[in-house]
Amino acid sequence: MQVQLARRMSNVQASAIREILKVAERPDVLSFAGGLPAPEAFPIAAMARAHAEVLAKDGAAALQYGPTEGYAPLRAWIAERMTSRGLPATAEQVLITTGSQQGIDLVGKTLLDPGALVAVEAPSYLAALQTFSTYEAQFAVVGTDDEGMRVDELETLLKHAPVKLIYIVPTFQNPRGTTLSLDRRQELARLAREYGVTVLEDDPYAELRYRGTSLPPVAGLDARAPVIHLGSFSKTLAPGLRLGYAIGDERMIRALTIAKQAADLHSGQLSQLAVTQLLRTFDYDAHLRGLRTLYGERCAAMLASVERSFPRGSTWTRPEGGLFVWVKLPDGIDAQELLRTAMQEKVAFVPGAPFYPRAPERSTLRLNFSNRPPELIAQGIARLGACVQRMIDGDRPRA
């Protein structure tokens, strides 16, 4: 009964967010709701050339069925890059997925039986909660702070409960924007090894760091720890490509490959070949530097605007990268009610409650900064801050 209730609640929450995002797409709305990359940063010309070159030179292969594991040269490129970032890997340890979201689903399909216990942060990535609920998992909530998941609480949980999977977004977490510290990453790897519990490390934002020092993936800290690492080209190239990847030991990759074969045979062959061609002919690191500059300016603009416009008593995270800022409102203001007021002022955001597997903090909200230039961020956050002040003053939203 609890599993069915959690599953229904997750579906309702996801549906509510879909409705928010639909309204937020209106051109007259200043939206900080979706986690959208900046379209002006997409490498459109380079991608067009890559597709044209692939179709001209190898069109038949690009339009044919391909191996479930993915295009071998792309897998090799990912393995080499991740090795340089601190996760030693071979091409055989890489599975190409249809976005990293499919990686979450494949892990759920492979590892979770009904009633299986998944340890998650609160708040946590909503689409992961929804996916695990689809497989009728139960959630064990672990606390979080400015250094990410409280691994001391996780260890206490592991001592007393049969946890099957630990799910974490360690770098610039969605929705809070916080990053798991190096000490905690090392402890997490140790716990995974000692307790034999698989960690699903969902890491799509790691290369979008604007300040501070890069940290190694958890999966690279202890070769004996059962960690599956997920990455994506959605935030660094373009989400429409729908290309992500999973990295794990070869036994786990075989299991995920079987699950993927039943799901979609393989990810898009044309996209895989085109991205591989792009990476051969395109300065990917220079592109990332440009993204970091662009998003870093927008992150700074968001933080300055929140500081300037939100009433006393508000608190917020100060991310060093990624796409999100997490805000806690003063005086117990309900963010869902605030959204109704904000939409009257043509401003949108995502209330925080749906990101909690249970016992939501209703005074929280998530703001995305990557999709708007600084001047519109300032304008929209000024409107939103004024809405918060009106609610503090007793002006509640009209029905």
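The legends below describe close-up views of two sheets and one buried residue in a predicted model.

In this predicted model, local features need pLDDT of at least 70 and side-chain atom pairs count only at pLDDT 80 or more, while totals for chains, interfaces and linings use all residues. Residues are numbered from 1 along each chain as its sequence is written, and side-chain values use heavy atoms, with hydrogens and water left out.

**View 1. The open sheet of 7 strands has mixed pairing.** The strand order is 2-10-9-8-7-3-4; strands are DSSP runs of E with at least two residues, numbered from the N terminus, and two strands pair if DSSP finds at least two bridges between them. Strand 2 (94–97) and strand 4 (138–142) are the edge strands, each pairing on one side only. On average, neighbouring strands of this sheet are turned by 25 degrees against each other, direction ignored; the axes are lines fitted to C-alpha atoms, and angles run from 0 to 180 degrees between N-to-C directions.

**View 2. Strand 3 (residues 117–121) pairs with strand 7 (residues 163–168) in the parallel sense.** The pairing extends over 3 bridges. Val118 lies opposite Leu165 in strand 7.

**View 3. Strand 9 (residues 227–232) is mostly covered.** Of its 6 residues, 6 are buried, meaning under 20% relative accessible area with a 1.4 Å probe and protein chains only. Val227, His229 and Gly231 point one way from strand 9, and Ile228, Leu230 and Ser232 point the other way. Strand 8 and strand 9 pair in the parallel sense over 4 bridges, and Leu200 has Ile228 in strand 9 as its bridge partner. Strand 9 and strand 10 (residues 244–247) run antiparallel, joined by 4 bridges; here Ser232 has Gly244 in strand 10 as its bridge partner.

**View 4. Glu201, in strand 8 (residues 198–202), is shown with its surroundings.** Glu201 is buried yet has no salt bridge, a salt bridge being a side-chain nitrogen of Lys or Arg within 4 Å of a carboxyl oxygen of Asp or Glu. The nearest side chain of opposite charge, Arg185, is 4.4 Å away. The Glu201 side chain reaches the backbone nitrogen of Val218 at 2.6 Å. Residues that Glu201 touches (heavy atoms within 4.5 Å) include Ile168, Pro170, Pro217, His229 and Leu230.

**View 5. An open sheet of 4 strands has antiparallel pairing in the order 11-12-15-14.** Strand 11 (315–316) and strand 14 (350–351) stand at the edges with a single partner strand each, so one side of each has no neighbour in the sheet. Strand 11 is joined to strand 12 (residues 324–328) by 2 bridges, and Trp316 stands opposite Val327 in strand 12.

How values were computed
Buried means under 20% relative accessible area, exposed over 50%, partly exposed in between (1.4 Å probe, protein chains only). Lys and Arg count as positive and Asp and Glu as negative; His and the chain ends are not counted. A polar contact is a pair of N or O atoms within 3.5 Å; within protein, one must be able to donate a hydrogen and the other to accept it, and residues adjacent in sequence count only if both atoms are side-chain atoms. Lists of a residue's contacts leave out its neighbours within four places in sequence.
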